[in-house]
Amino acid sequence: MREMIRMITVLTVLCAFSGGLLAALRDGTQEKIENQQLEFVKGPAIRNILKGSSNDPITDRFKIKDGERERNIFVGRFGGKPDTIVFETSGKGFKGDISMMVGVNVTDDKIVGIGITTHSETPGIGARAQTDPRFSGQFKGIPLTGEFKIKKDGGQVDAISGATITSRGVADAVSDAVKTYGRIKPSISDKLNELK
Amino acid sequence: MAKTITQEFTKGLWKEIPPFRLVLGLCPTLAVTKSVENAVGMGIAVIFVLVGSNVLVSMLRKIIPSKVRIACFIIVVATFVTVVELLMQAYTYSLFLKLGIFIPLIVVNCIPLGRAEAFAYKNSIIPSFADGLGLGIGYAVSLTVLSAIREVFGSGTFYGHTVFGPSFQPFNFMIEAPGAFVCLGLMLCVMNFIGKKG
């Protein structure tokens, strides 16, 4: 019996100590980790979309409540005015989710660019959606309204040959961004007005 | 019977060098040795975990009841591994992206657990520290050597710097999985050959 109690005590104390230590460490590093993730995973796509902005979109970000979720909104200043925002959206690809960033000009609601951050598409085929600017460039300048579809489905986007499902996923993600943008636009405008 | 501290330290560098002599921790050995940078990162993580867990287990060896010792070792090792994982994410994120799943898997590779059971639980703090440090460095050196061979021949670079001229055609086989097995096998063979002679 005494041995039993001793085993339980030692294990409990050890677990509690280790749990406490890790929780403290996690608290201490959480912000840093989040910054690193933004920088390395989403940073390249965001910076590419907001090329030529006068600020650093990763430091100039804010959070907006969209229903249950909190969304990171990255702000790009062009000519001194914070008129472009980038936010995240996603669609179903050939092998998994495709996460992307979509940049929108809030004054005329037009897409300034899209960029894929993470995906698990086939290298050399679907993965070209991330690397080939001829595909992602198509979205530039299109008003962010209505539904985006590839030409095969009667839409406006040229699919990548051999990667219909990936292209469809990207178009779906942009359509999803239209809905999100519709929901969060009022709160974004408020925030941007504060920044001016 | 009583070995000196130096002996505890140096045995990890040759006589009990983990991947080649103990043939332990092979999963990350095969997986992360595509480039020297990854191997060095992995090596440093293992040194930290091994030294930390060895010292702590040795400190607690009098109060850990032997019936639940394995569970206690696992908690200690897992704590150190999670510390490494969090620190790596916070400070060297690009390395974390490359090593990925192999950092948490240090918990189940047998080196830290094996040393805790075989050495630290029976010895006092300073020899345990030397043992952990020696084996950790031995492991890191093995990974570095293996990855240097694979990287130099497989992609023609060393730590990201080009070694051969632009006309070098990389021997892709070396950086793929079968290349890892072949390379490890050849190294084991060389190690055994030298070991027998000496």
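This is a short dialogue on reading a predicted two-chain model.

Colleague: What are the ground rules here, and how is the model numbered?

Modeller: The model is predicted: local features need pLDDT of at least 70, side-chain atom pairs count only at pLDDT 80 or more, and totals for chains, interfaces and linings use all residues. Residues are numbered from 1 along each chain as its sequence is written, while chains are lettered from A and ligands numbered from 1 in the order in which they are written.

Colleague: How is the sheet of chain A ordered?

Modeller: Strands of a sheet pair through backbone hydrogen bonds, either parallel or antiparallel. Strands (E, at least two residues) and helices (H or I, at least four) are DSSP runs, numbered from the N terminus. Two strands pair if DSSP finds at least two bridges between them. In chain A, five strands form an open sheet in the order S1-S2-S3-S4-S5, with antiparallel pairing. Its edge strands are S1 (61-66) and S5, each pairing on one side only. Neighbouring strands are turned by 30° against each other on average, direction ignored. Axes here are lines fitted to C-alpha atoms, for helices over the stretch in contact; angles run from 0 to 180 degrees between N-to-C directions.

Colleague: Which helices of chain A lie on this sheet?

Modeller: Helix H1 (residues 2-49) packs on the sheet, touching S2 (69-78), S3, S4 and S5 of chain A. Contact means that the C-beta atoms of two residues, placed from the backbone, lie within 7 Å. The direction of H1 makes about 160° with that of S5(A). Helix H4 (residues 164-195) of chain A lies across S1, S2, S3, S4 and S5, running at about 150° to S3(A).

Colleague: How many bridges join S3(A) to S4(A), and what links the two strands?

Modeller: Nine bridges join S3 (residues 81-92) to S4 (residues 97-105) in chain A, and the strands run antiparallel. A hairpin through four residues links S3(A) to S4(A). A:Ile85 stands opposite A:Val104 in S4(A).

Colleague: And what happens between S4(A) and S5(A)?

Modeller: Seven bridges join S4(A) to S5 (residues 110-118) of chain A, again as an antiparallel pair. In S5(A), A:Ile116 is the bridge partner of A:Met100, and A:Ile111 that of A:Val104. This hairpin has four residues between the strands, and A:Asp109 takes a positive phi near 60° there.

Colleague: What does chain B consist of?

Modeller: Chain B has nine helices and two strands. From the N terminus on, the elements run α-α-α-α-α-α-α-α-β-β-α. The radius of gyration of chain B, taken over C-alpha atoms, is 18 Å, close to the 16 Å of the globule rule for 198 residues, so chain B is as compact as a globular protein of that length. That rule is 2.2 Å times the number of residues to the power 0.38.

Colleague: Is B:Leu30 buried or exposed?

Modeller: Buried takes 20 or more other C-beta atoms within 10 Å of a residue's own, exposed 12 or fewer, partly exposed in between; C-beta atoms are placed from the backbone. B:Leu30 is partly exposed, because 17 other C-beta atoms lie within 10 Å. B:Leu30 is found in helix H3 (residues 26-31) of chain B. Not counting residues up to four places away in sequence, B:Leu30 touches B:Ala180, B:Phe181 and B:Leu184.

Colleague: How many residues does each chain bring to the contact?

Modeller: Chain A gives 17 residues and chain B gives 17 residues. The chain A side divides into 10 nonpolar, three polar and four charged. Ala, Val, Leu, Ile, Met, Phe, Trp, Tyr, Cys and Pro count as nonpolar, Asp, Glu, Lys and Arg as charged, and the others, Gly among them, as polar.
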